[in-house]
Amino acid sequence: MVTGSVYPEVARKLPAYPLNTPRVVFRNLGNGHFEELIEEAGPGVAAQHCSRGCAFGDFDNDGDVDMVIVNLNEPPSLLRNDVTGRGNWLKMKLVGTKSNRSAIGARVTARYGSRIQVQEVTSQASFYSANDRRLHFGLGTAETADIEIQWPSGAKEMLAKVPSNRLVTIREGGGIVKSESFALELNSVRK
């Protein structure tokens with residue numbers, strides 16, 4: 001979450017309401033609760049800015065989610081996620097044929113082990129921001145995921161045991177039309 005006051009004049013009159021504030025990251029504890037992280041999330045999160053928008057995506061294609069932040073009256077901030085964990089992941093790019101080509105409105109359910117994640121393709125994320133349209137699922141130790149896609153056209157598509165650590169392009173009604181593995185890049189980055 002990015003924050004910042006609306007007017008610099010407020011901070012000058014009321015110092016308790018500063019213009020620049022730290023960003024906030026919450027960790028999902030998996031039990032319906034979250035914990036707030038600031039210092040643990042790194043200096044890019046703890047740094048104080050007046051920020052307006054935040055977008056997420058794998059900007060460097062290394063398998064984890066990075067973020068870019070729009071700041072007021074200063075350049076944007078790119079916060080790269082360089083965690084060295086060994087968790088598996090799966091990215092999906094959807095291409096509509098009967099639905100809109102960008103697949104905006106498509107709903108994807110990933111089932112792996114005893115877990116379920118659901119994401120939707122959207123055209124925007126927050127104020128001044130648009131996330132990467134490629135959906136990113138963290139799979140932990142799971143090496144495959146069963147995928148269900150509800151396309152905007154109303155069609156449903158099921159894909160069984162899709163392998164992890166790759167970007168798959170899925171065409172509506174045609175299944176996986178492209179699969180790219182980034183394993184070599186990941187191994188060189190994480191050594």
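1. Let's start with a term we'll need: a salt bridge is a side-chain nitrogen of Lys or Arg within 4 Å of a carboxyl oxygen of Asp or Glu. In this structure, R107 and E120 fit that description, with their closest N and O atoms 2.6 Å apart. R107 sits in strand 9 (residues 107–112) and E120 in strand 10, so this pair ties together parts that are 13 residues apart in sequence. Neither partner is hidden away: R107 is partly exposed, with a relative accessible area of 40%, and E120 is also partly exposed, at 38%.

2. Before going on, keep in mind that you're looking at a predicted model. As for the overall picture, the protein has 3 helices and 15 strands. Its C-alpha trace spans about 60 × 40 × 30 Å along the principal axes. There are 191 residues, and 36% of them are buried.

3. A quick word on how the chain meets itself. Take the contacts between residues at least 6 apart in sequence: 48% of these join residues at least 24 apart. On the outside, the accessible surface comes to about 11300 Å², and carbon and sulfur atoms account for 54% of that.

4. Now for the charges. The protein carries 23 positive and 21 negative side chains, and the centres of these two sets lie 5 Å apart. Side chains of opposite charge can pair when their charged atoms come close. How many salt bridges does the structure hold? The count is 10.

5. Another of these salt bridges is between R80 and D60, where the closest N and O atoms are 2.9 Å apart. This pair links distant parts of the chain, 20 residues apart: R80 is in the loop between strand 7 (77–79) and strand 8 (88–95), while D60 is in the loop between strand 5 (51–57) and strand 6. D60 is partly exposed, with a relative accessible area of 26%. There's a third member to look for here, since D60, R80 and D82 are linked in a network of salt bridges.

6. Have a look at D66 next, in strand 6 (residues 66–71). Which side chain of opposite charge is nearest to D66? That is R80, 5.1 Å away. A salt bridge needs the nitrogen and oxygen within 4 Å, and D66, though buried, has no salt bridge. What D66 does have is a polar atom of its side chain lying 3.1 Å from the backbone nitrogen of F59. Leaving out residues up to four places away in sequence, D66 touches several others, including A55, F56, G57, L79 and N81. D60 and R80, the pair from the previous point, are also among the residues D66 touches.

7. One more salt bridge to find on screen: E35 pairs with R27, and their closest N and O atoms are 2.7 Å apart. Are these two buried or exposed? They fall in between: E35 is partly exposed, with a relative accessible area of 30%, and R27 is partly exposed too, at 41%.

8. Last stop, R133, in the loop between strand 10 (115–120) and strand 11 (135–140). R133 is partly exposed, with a relative accessible area of 33%. Not counting neighbours within four places in sequence, R133 is in contact with M92, K93, L94, S102, V121 and T122. For a sense of scale, try R133 against Y17: the two are 116 residues apart along the chain, and their C-alpha atoms are separated by 35 Å.

Key
Residues numbered from 1 in each chain as written. Predicted model: local features only at pLDDT ≥ 70, side-chain atom pairs only at ≥ 80, totals over all residues. Heavy atoms only, no water. Helix = DSSP H or I, 4+ residues; strand = E, 2+ residues; numbered from the N terminus. Buried < 20%, exposed > 50% of the residue type's maximum accessible area, 1.4 Å probe, protein only. Contact = heavy atoms within 4.5 Å. Areas by Shrake-Rupley, 256 points an atom, 1.4 Å probe, with all protein chains shown as cover. Lys, Arg positive; Asp, Glu negative; His and termini not counted. Charge placed at Lys NZ, Arg CZ, Asp CG, Glu CD. Polar contact = N/O pair within 3.5 Å; in protein donor to acceptor, adjacent residues only side chain to side chain.
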